Amino acid sequence: AIQSRFKDQAAQPDGAVFYPVSLTKFAIMSVLTMSLYSLFWMWRCWRWWKQERSDDCLPFWRAFFSWIWFYSLFSAIREEQKDESKTPAIFGAILAISYVIMVAGLQIYSTLRDKTDLLNLAIEMGDSLSFVLMIPLVIAVNNLNALTPERQIVRSSWRWQTWAGVALGVSLWALVLMPYAAVG
């Protein structure tokens, strides 16, 4: 019963391509959840891809290792675009390289270097802004669904699940910022 309820909630509007969501909701939720929402968005896009393409990809792991699969998602979205609106592949490569540097680079740097409290905070903030590099992908997905705006409206509303994500994100931010508040 629980699994079927989850599937009902996960259903896309008829004909939706990938996971359309308003740019405003994507940005707000990504900031509030320290980019966890952007990984959720990526997981939902890969789930659509797997269902539509009968691909044997593993959506969770593609989202979890987003820095490895970023360009592949860009390519999958690009594949759905009409020829006249295709995003140049070089743009995706630049975004992917930037994403790898931001996500993986900051994590590697944070483990290898002795850090001050201020540097720790800067690394957390930098990692939390990685969603900015996904914005062109969100816009491309929304453009793929532009002819039927109800597809985007369904996923852009703020339901109880969204508010639960906000509560989780605010709690995470409180845990991250608490040590810096105690220093003063």
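This is a guided tour of one protein structure, stop by stop, for a reader who has it open in a viewer.

**The whole chain**

Begin with the full view, and keep in mind that what is on the screen is a predicted model. Colour the protein by secondary structure, and ten helices and zero strands should appear, which read along the sequence as the pattern α-α-α-α-α-α-α-α-α-α. Of the 184 residues of the protein, 38% count as buried. If the surface is switched on, the accessible area comes to about 10600 Å², and 67% of that area belongs to carbon and sulfur atoms. Among the contacts between residues at least 6 apart in sequence, 74% join residues at least 24 apart.

**The aromatic rings**

Next, display the aromatic side chains, whose rings form 17 aromatic pairs in this structure. Select Tyr19 and Phe40 as an example of such a pair: their ring centres are 5.8 Å apart and their planes stand at 90 degrees, an edge-to-face arrangement. The two residues come from distant parts of the chain, since Tyr19 sits in the loop between helix H1 (2-10) and helix H2 (23-32), whereas Phe40 belongs to helix H3 (residues 36-53), 21 residues apart. Tyr19 is buried, with a relative accessible area of 4%, while Phe40, at 30%, is partly exposed.

Now move to Phe26 and Tyr37, where the ring centres lie 6.1 Å apart and the planes meet at 65 degrees, so this pair is also edge-to-face. Because Phe26 lies in helix H2 and Tyr37 in helix H3, the pair ties together parts that are eleven residues apart in sequence. Both Phe26 and Tyr37 are buried.

To see how these two pairs belong together, select Tyr19, Phe26, Tyr37, Phe40, Trp41, Trp43 and Phe131, which ring pairs link into a cluster.

**Two residues with positive phi**

Staying in the loop between H1 and H2, select Phe18. Its phi is positive, at about 60 degrees, although Phe18 is not a glycine. This residue is buried, with a relative accessible area of 0%.

Then follow the chain to the loop between H2 and H3, where Met34 is found. Met34 is likewise not a glycine, and yet it has a positive phi of about 55 degrees. At 15% relative accessibility, Met34 counts as buried.

**Arg62 and its rings**

The next selection is Arg62, placed in helix H4. Is this arginine buried or exposed? With a relative accessibility of 14%, Arg62 counts as buried, because the cut-off for that class is under 20%. Which residues does Arg62 contact, leaving aside its neighbours within four places in sequence? They are Met42, Trp46, Cys57 and Trp69. Turn the view so that the rings of the two tryptophans can be seen: Arg62 lies over the face of Trp46, at 4.5 Å from the ring centre, and over the face of Trp69, at 3.8 Å from the ring centre.

**The nonpolar patch**

With helix H4 still in view, show the surface of Leu58, Phe60, Trp61, Phe64, Phe65, Trp67 and Ile68, which together make a nonpolar surface patch of about 720 Å². Helix H4 (59-64) and helix H5 (66-80) are the elements that give two or more residues to this patch, and H4 gives the most, with three residues. One member to pick out is Trp67, which is placed in helix H5 and, at 35% relative accessibility, counts as partly exposed.

**The salt bridge**

For the last stop, stay with helix H5 and look for a charged pair. Side chains of opposite charge can pair when their charged atoms come close. How many salt bridges does a search of the whole structure find? The search finds one, in which the side chains of Arg53 and Glu80 meet at 1.8 Å, N to O. This pair also links distant parts of the chain, with Arg53 in helix H3 and Glu80 in helix H5, 27 residues apart. Both partners can be checked on the surface: Arg53 is partly exposed, with a relative accessible area of 36%, and Glu80, at 24%, counts as partly exposed too.

Notes: Residues numbered from 1 in each chain as written. Predicted model: local features only at pLDDT ≥ 70, side-chain atom pairs only at ≥ 80, totals over all residues. Heavy atoms only, no water. Phe/Tyr/Trp six-rings, centres within 6.5 Å; stacked < 30°, edge-to-face > 60°. Helix = DSSP H or I, 4+ residues; strand = E, 2+ residues; numbered from the N terminus. Buried < 20%, exposed > 50% of the residue type's maximum accessible area, 1.4 Å probe, protein only. Lys NZ or Arg CZ within 6 Å of the ring centre and 35° of its normal. Patch = residues over 30% accessible without salt bridge, like charges linked within 9 Å, V, L, I, M, F, W, Y side chains within 5 Å. Areas by Shrake-Rupley, 256 points an atom, 1.4 Å probe, with all protein chains shown as cover. Salt bridge = Lys/Arg side-chain N within 4 Å of Asp/Glu carboxyl O. Contact = heavy atoms within 4.5 Å.
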